[in-house]
Amino acid sequence: MSDAIIKLHDFGVAYDQKTVLSGVNTSIRSGRITAIIGPSGCGKSTMLKAMNRMLETQKDAAVFGSVLLNGVDIHTMEAEQLRRKVGMVFQTPTPFPMSVYKNMTYAPQYYGVTGKQELSRIVRENLEVTGLWEEVKDDLNKSALKLSGGQQQRLCIARALTAQPEVLLLDEPCSALDVKSTQVIEELLLKLKETYTIVIVTHNLFQARRIADDCIFMLNGELWEQNTTEELFANPQKKETRDYLQGVYA
Amino acid sequence: MKLKTALVKLWAVASCCLTFGVIFFLFAYIFAKGAGAITWEFLTESPKGMIIGTEGGILPAIVGSAWYTGIACLFGATLGICTAVYQVYYCRSQRLSNAIALVMQCMAGVPSIVMGLFGYTLLVLTLGWGKCILAGGITQGVMILPFIQVRAEKALREVDQNLVRASYAMGMSRAYTVRRIVLPQCLPQLVSGVILGACYAMGACAPLIFTGAVIIAKVPKDLMKPAMALPYHLYMLLTQGTSSVNAYGTAFVMMIIVLVTNSLATWFAWRNKK
């Protein structure tokens, strides 16, 4: 796969000397949505967090093997520099307790953007991409905490985009949302894959099937099977994958 | 079982009543004894009389105390909050963190008169500052440092870590995250911790005896000169038997200041919690 943007080689993670992920070899293709699926505790989120070194913020996490971003080992890069390129959105929406506008200018200001016009442009563009602009354009100074759950999650995605990442990691971004908001986010992700590479951890097999181009099935801390979503769902190679897709583990 | 519950309830209510009763009595007694001394002159003039303190007012002591307390807060809050930030967000070694906590506990346990002796030896003698407002303020600052640090550390640990992680996940540095997310989040607790520290410093006499407080001085204008302080003035008025009326008046003013600043801290914390 020549257009791989992220590659994991013999990758593994241990928490407090207990191995939770081992022997992972995989590639994430650029400009596509890759879904990571698998039963609870199989190491999906751990693998995701390893891709932008967010694991390091957790105590007692040790990683083995290597993760390459555009061919460069991410452990040779500054963590801040890496996370700017590989953004992340969490399971529960995490709007900062400040206005919508300040949430959106939080990262650009850090990266040195100071002009009011330039900031306003960044705010508008990214809110438009996530379809939030029309809903909040008159309330930019309203506290982000007053938005609905779905709006908050879209704000978090828009906020992650203000750092201009190449890859966007999403850790079950819809698990705390209702059906309608989930649908909006899924449509948004399909739109975003034109510009960004997306990796999404999901429990929802239907969601993986609806939006993902590639699918990784994890089991017991190992990468069990990987294929295009269509192929993986239509023709799983391993018994465990088939069982999982049929709901045996669920 | 019912009797047991009733007894526990009675015990709790009685303890509450006793605590409130003691506090109420203390305030009522000081107010009753001291309110008579409070006049405009008492608040705006310097101590006078054949024996200093029998007549006139306590203005230099009020202003002096404000200076001592202000410097103590500046010093104690800066170091206390920075230590807490380091401990919670920068220190990777559990051992070092434990060591800091131990040092803070020891500092909190040092008697204030010993703290005064430390300030006297280091600032007044070794650095050659002499008795002055700066030396007194810094000594008090060292005294309230652990007081502020403990509260700041608790507040910092209570900040929602999901927000902190969300900030890191965008590539923000720790310093930026602390400045933009963490500190604004716990500002109410930090401010109320500093104000409580201020009340503690305002009432402490021992650290000032060797380092800054004097029996009589003009309204202070220079940090490198000694100044009067309310608790020291009160101590002198009582121990020298100068004027018990003015002593109660001074105590009354001190308690009003402490009460007002404490209420401000509570109000500030409450307003920001809403």
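Colleague: Which residues of α3(A) are buried?
Modeller: In this predicted model, the threshold for buried is under 20% relative accessible area. In α3(A), the residues that meet it are Val100(A), Tyr101(A), Asn103(A), Met104(A), Thr105(A), Tyr106(A), Ala107(A) and Pro108(A).

Colleague: Why is α3(A) largely enclosed by the rest of the structure?
Modeller: The cover over its buried residues includes α4 (116-129), α5 (133-136) and α6 of chain A. Chain B takes part as well, through α7 and α8. The helix is largely enclosed because, of its 11 residues, the number buried is eight.

Colleague: Which residue with a positive phi follows α3(A)?
Modeller: The phi in question is near 95°. The residue that follows α3(A) with this value is Gly112(A).

Colleague: How much area do chain A and chain B bury between them?
Modeller: The contact draws 26 residues from chain A and 17 residues from chain B. Carbon and sulfur atoms carry 65% of the buried area. The area buried between the two chains is about 1800 Å².

Colleague: Which three residues supply 33% of the area that chain A buries against chain B?
Modeller: No other three residues of chain A supply more of that area. They are Phe96(A), Tyr106(A) and Tyr110(A).

Colleague: How many residue pairs are in polar contact between chain A and chain B?
Modeller: Salt bridges between the two chains number zero. Counting pairs with both residues at pLDDT 80 or more, the polar contacts come to five residue pairs.

Colleague: Which element gives the most to the side of chain A that touches chain B?
Modeller: Elements that each supply at least two residues are α2 (79-85), β6 (86-89), α3 (100-110) and α6 (149-161) of chain A. By class, this side has 14 nonpolar, six polar and six charged residues. With five residues, the element that gives the most is α3(A).

Colleague: What do the buried residues of α7(B) pack against?
Modeller: Helix α7 of chain B spans residues 161-168, and its buried residues are Leu163(B), Val164(B), Ala166(B), Ser167(B) and Tyr168(B). At the start of the helix, a side-chain oxygen of Asp160(B) comes within 3.0 Å of the backbone nitrogen of Asn162(B). The buried residues pack against α3 (59-90) and α8 (174-185) of chain B, together with α2, α3 and α6 of chain A.

Colleague: Which helix gives the most to the largest nonpolar core?
Modeller: The largest nonpolar core has 89 residues, and those with the most contacts inside it include Ile36(A), Met47(A) and Tyr89(B). The helix that gives the most, with 11 residues, is α6 (residues 133-157) of chain B.

Technical notes:
Residues are numbered from 1 along each chain as its sequence is written. Chains are lettered from A and ligands numbered from 1 in the order in which they are written. This is a predicted model: local features need pLDDT of at least 70, side-chain atom pairs count only at pLDDT 80 or more; totals for chains, interfaces and linings use all residues. Side-chain values use heavy atoms; hydrogens and water are left out. Contact means heavy atoms within 4.5 Å. Buried area is the accessible area (1.4 Å probe) that two parts lose on being put together, summed over both. A salt bridge is a side-chain nitrogen of Lys or Arg within 4 Å of a carboxyl oxygen of Asp or Glu. A polar contact is a pair of N or O atoms within 3.5 Å; within protein, one must be able to donate a hydrogen and the other to accept it, and residues adjacent in sequence count only if both atoms are side-chain atoms. Helices (H or I, at least four residues) and strands (E, at least two) are DSSP runs, numbered from the N terminus. Ala, Val, Leu, Ile, Met, Phe, Trp, Tyr, Cys and Pro count as nonpolar, Asp, Glu, Lys and Arg as charged, and the others, Gly among them, as polar. Buried means under 20% relative accessible area, exposed over 50%, partly exposed in between (1.4 Å probe, protein chains only). A nonpolar core is a set of buried Ala, Val, Leu, Ile, Met, Phe, Trp, Tyr and Cys residues joined through side-chain atoms within 4.5 Å.
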